[in-house]
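This report describes one protein chain for a reader who has not seen it before. It starts with a term, then turns to a helix and to the chain as a whole.

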Amino acid sequence: MSVSSPLPSPAPATTAPAPTQAELLDFARRTAADAELVASLPLDPEGRTWIRLEGPGGSEAWLIGWPPGSGTGWHDHADSVGAFVTAAGELTEHALAVRLPTDGWRTLELSDGVDRDRRLPTGKGRAFGRHHVHEVLNESAELHAVSVHAYYPPLPQIRRYSRSGPILRLEQVERPEDWQ
């Protein structure tokens, strides 16, 4: 008579912890310093170009080329945290230093003093939290800019806004299938 021992239980599934804003910023800095990768991005004089990258811990990442005078318009990244670093050229970020309600509104009047502007030359960047509303611009009239962006969780949606003075209007909600 043989006695068999029970099969070992499978090891519990482990999931990596979500990357922090600091880890996303560190990834963006290291990736922006990869001159070969940055040089591999095709640049278009008429519109932004991009390559999707593998970010840390399941994050979504992008290498983006910005022709002179281009920008994103006002938007947020919904429930994702993120970071971006300028890899070449200079970008400008206009942001709102106020947390907006996430749902249930189409038009808001912003208070005085909520605007924040940052110039981000090559090698500089920033991290941001959920529902961060901003626009990113290449204000150069002659030079392309390139940047690295990372988001966690991968972008569930992007809300696009229009702005006229203190009035911010929700214009559109985009889902991943709209930009991938």
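A contact here means heavy atoms within 4.5 Å. The model is predicted, so local features need pLDDT of at least 70 and side-chain atom pairs pLDDT 80 or more, while totals for chains, interfaces and linings use all residues. Residues are numbered from 1 along each chain as its sequence is written, and side-chain values use heavy atoms, without hydrogens and water.

The chain has two helices and twelve strands. Helices (H or I, at least four residues) and strands (E, at least two) are DSSP runs, numbered from the N terminus.

In helix α1, the buried residues (under 20% relative accessible area, 1.4 Å probe, protein chains only) are Leu24, Leu25, Phe27, Ala28, Thr31 and Ala32. They lie on the same side of α1, because they cover an arc of only 160 degrees around its axis; the arc is that of the directions from the helix axis to the C-beta atoms. Ala22 and Arg30, on the face turned away from that buried side, are exposed, that is, over 50%.

The buried residues of α1 pack against the elements below, among them both a helix and strands.

| Element | Residues |
|---|---|
| α2 | 35-40 |
| β1 | 49-54 |
| β2 | 60-66 |
| β4 | 81-88 |
| β8 | 125-128 |
| β10 | 145-152 |

For the whole chain, 41% of the 180 residues count as buried. Its C-alpha trace spans about 85 × 45 × 25 Å along the principal axes. Of contacts between residues at least 6 apart in sequence, 74% join residues at least 24 apart.
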